[in-house]
Amino acid sequence: MNHLFKVLLVCLLAQGVASCQKTSNTRVTKSFNDDWYFTLADSTMSASAIGYDHTSWRKLSVPHDWSIEGEFSKEHPATEGGGALPGGIGWYRKVFKLDEATKGKKIYLQFDGIYMNSEVWINGHYLGKRPFGYISFEYDLTPHLNYGEEPNTVAVKVDNSKQPNSRWYSGSGIYRNTRLVITSPIHVAQWGTYVKVPEITKEGALVKVQTTVLNTTGESAKASVHTSIKDKDNKIVAEATSPLELSGSEAVLDQEITVSTPELWSLHDPNLYTVLTEISLNGEKVDTYTTSLGIRSFSFDQEKGFILNGEQVKIKGVCLHHDLGCLGAAVNTRAIERQLEIMKEMGVNAIRTSHNPPAPELLALCDKMGLFVMNETFDIWSMKKSPYDYALYWDEWHVRDIKDHIKRDRNHPGIFVWSIGNEIVDQWSAEGDTIAKELAEIVRSLDDRPITAAMNPPNEGNTIAKSGALDLIGYNYHHGMYEAHNDKFPNTPFIATETTSALETRGYYDQKSDTIKRWPIRWDLPFDGGNPDNTVSAYDQVSAPWGSTHEETWKIIKKHDFLSGMFIWTGFDYLGEPTPYGWPSRSSYFGVVDLAGFPKDAYYMYQSEWTDKDVLHIFPHWNWTGRDSVDVWAYYNHADEVELFLNGKSLGTKSKNGEDLHVMWRVAYEPGVLKAVSRKSGEPVLEKTVVTAGEPVAVKLSPDRSEISADGKDLSFVTVEILDKENNTVPIGSNEIQFSIDGPGEIVGVDNGDPTSHLSLKGNKIQIFNGKCLVVIQSDRQAGEITVRAASDGLKSGEIVIKSL
């Protein structure tokens, strides 16, 4: 085995193009995302046919979602509930070479997620199948590999043809990241470290590190495990070394290490440490493995709610589905980061991963940005919700899937709750009790964080709620039950796992605004009401019948300490589930932010309640025809009152009374300038204006970032508006915008937030919708200037330059 310890040159060659990296004898982890070939095909194709000519297939990089590239159609079997986009069967193949020096190493291929029913082959050898589209897994390629000039072929079949299998848009394909791991035959197992901090004081934190080491040599060995903890400046602050006897194929080592005067992880200061694990044989390192560590303490209290590092904190959360709007399900770190930035700006401090294991990138970002995560595993147990959903695979796969999920994610400090299920049909049967206990026992064998389930509702007949398996009682909706929680569950704290389901179309306003509507009337009946164009008023006045307006639920949650917090359905609109409408709608109305990432008005209500920043937001726009009066709302904080003016004339001063979260004026409409001034003790705090815009004359482009990385992945999200001659944004109209680009980048998505638009989200044109649309620019791997142009008939074109560095 001496050749394992020398410095070697590892060359991975894809289609004859080498990407070489000099590395030590320890672990090498390399992206496996590039140079795949893809085709949509039928089930008769054989992956084991190594000689199959795939050169005519489309060459691409993963993550990739083929469904988002299709056309919207009510004929697709996914239905509008699944986004009205196509599924099917897809094949991916990749050819690569390995340097002779890698012989004797263990080589693994890791997938963060494939939707769904994936099967994988290497050089014609079948490696396995994973039906669950949201789970991460790896295969050992070692026994079947070629070295030197003889190539290797990986083939992946993805079968998303049997639909509907989801209640929302799933995407299709290798939609998360892949990597190749090359390491010693003696190495840390996949997800092989478990780090927890059971004791924390100002003087020190006790860190327990459990390491699982694999020995694939077939021989006994004596290893040494060195574990060091590094701070954010990469300085070692604590370390320990332990011997490890490797007499079998697997060994587990427990170590205890104390970090002096620890810097705590918190929402406002998410301090992170790194745990470095080094395996040595005969004094030489053979494997290294890193794990993130956050030192913090938290608990849920029956009376005080949620306690973080000794301080009471209200959980202000949102539920998020996994799609990224016009990018579909294909994971992109910057796109996820943008979503989280927009949420944090609203005051959000927690994310629920509804209703499945998320991309690892989301969890890493939450750790870094200071966001808690309720990490959810299943939307379905043994009883189905859709004809071809996970219930088909439950008996064979649920134990392995939940174990893999917990092992993969349990070292993230941001995770503070495990959810074992969402609105499970089994909650109304005897099986609910049995399965809840089984799943909770599995989770507790792997981690000690609280367990909940999202129940609708947790009443006397709910077998999951009565099982005793849960550490937290999770309420989906039923806000009228919250205040009686401690009477019904005196020994189990409260969490509102899913709330609200308010409905809005960004920038659209019905009159009058002071009436509450429930659309549809009942969840189990067809909806024949609403508006002819499938719009919903953006005043906070419409919700689904099982939910509430934004204000209704938050008024209750904010009132009581024992109500630990809430997760709004949803932070962002998402593809699929277009409640209350059916076709031609194809995406949701639930988001506080629309599909393109543009906030709806309720965003500013939360911002006024959930942040310390000064807020004054008045709406709606001031371009109206055919209306005698218009209701004007204002969300504000840090002030006693707001005065409204129209064309210089005061319309009166309003103040919030009691539990009010906004103020309103009913204004006789006349074009001009609407101005609001908030005041504290008579002194102005903020001033905001809304003007009647004229006819559009020009297109304006505003990138969220003017400089991006030339890495082939980074993105700039460019907001597009149309302006009048005074440079006012025109809030109405449906001008079609055509995009073009020059330089080292490409257009990877367009969107406008309209749930009824059927233009391709992967095209180069989109319509302005209520004042805005979006184009997303991705860098390639060359530095330079990317020029983006937006044109519309009769308007002056807009142009910006984005630097790719």
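How many aromatic pairs does the structure hold? The count is 46. I should state at the outset that this is a predicted model.

Let me begin with two of these pairs. F137 and Y139 form an edge-to-face aromatic pair, with 5.5 Å from centre to centre and 65° between the planes. The pair of F298 and F306 is tilted, because its planes stand at 45°, with the ring centres 5.9 Å apart. As to solvent exposure, F137 counts as buried at 3% relative accessibility, and Y139 counts as buried at 9%. For F306 the relative accessibility is 1%, so this residue counts as buried too, the cut-off being under 20%.

Aromatic residues also gather in a cluster. Y115, F132, Y134, F378, W381, Y390 and W394 form one such group.

Two rings carry a charge above them. At Y636, the charged end of K656 sits over the ring, 4.3 Å from the ring centre. At F645, the charged end of K675 sits over the ring, and here the distance to the centre is 5.1 Å.

I turn now to the nonpolar cores. Which residues of the largest nonpolar core touch the most other members? They are Y92, V156, M346, W381, F416 and W622, in a core of 176 residues. W381, then, appears both here and in the aromatic cluster I listed a moment ago. Helix α4, residues 430–446, supplies the largest share of this core, namely 7 residues. Another core lies apart from it and has 23 residues, including I708, V730, I768 and V775.

Finally, I would like to consider one residue in detail, S501. Where is S501 found? It lies in the loop between strands β29, residues 494–500, and β30, residues 517–518. Is S501 buried or exposed? Its relative accessibility is 1%, and S501 therefore counts as buried.

What surrounds this serine? Leaving aside residues up to four places away in sequence, S501 touches Y477, S543, A544, W546, S548, W569 and F590. With one of these neighbours, Y477, the side chain of S501 makes a polar contact of 2.8 Å. A further reference point is W168: the two residues, S501 and W168, are 333 residues apart in sequence, while their C-alpha atoms are 15 Å apart in space.

To summarise, the predicted model holds 46 aromatic pairs, a largest nonpolar core of 176 residues with another of 23 residues apart from it, and a buried serine, S501, in polar contact with Y477 through the side chains.

Technical notes:
Residues are numbered from 1 along each chain as its sequence is written. This is a predicted model: local features need pLDDT of at least 70, side-chain atom pairs count only at pLDDT 80 or more; totals for chains, interfaces and linings use all residues. Side-chain values use heavy atoms; hydrogens and water are left out. Helices (H or I, at least four residues) and strands (E, at least two) are DSSP runs, numbered from the N terminus. Buried means under 20% relative accessible area, exposed over 50%, partly exposed in between (1.4 Å probe, protein chains only). Contact means heavy atoms within 4.5 Å. A polar contact is a pair of N or O atoms within 3.5 Å; within protein, one must be able to donate a hydrogen and the other to accept it, and residues adjacent in sequence count only if both atoms are side-chain atoms. Rings of Phe, Tyr and Trp (its six-membered ring) pair if their centres lie within 6.5 Å; planes under 30 degrees apart count as stacked, over 60 as edge-to-face and the rest as tilted. A charge sits over a ring if NZ of Lys or CZ of Arg is within 6 Å of the ring centre and within 35 degrees of the ring normal. A nonpolar core is a set of buried Ala, Val, Leu, Ile, Met, Phe, Trp, Tyr and Cys residues joined through side-chain atoms within 4.5 Å.
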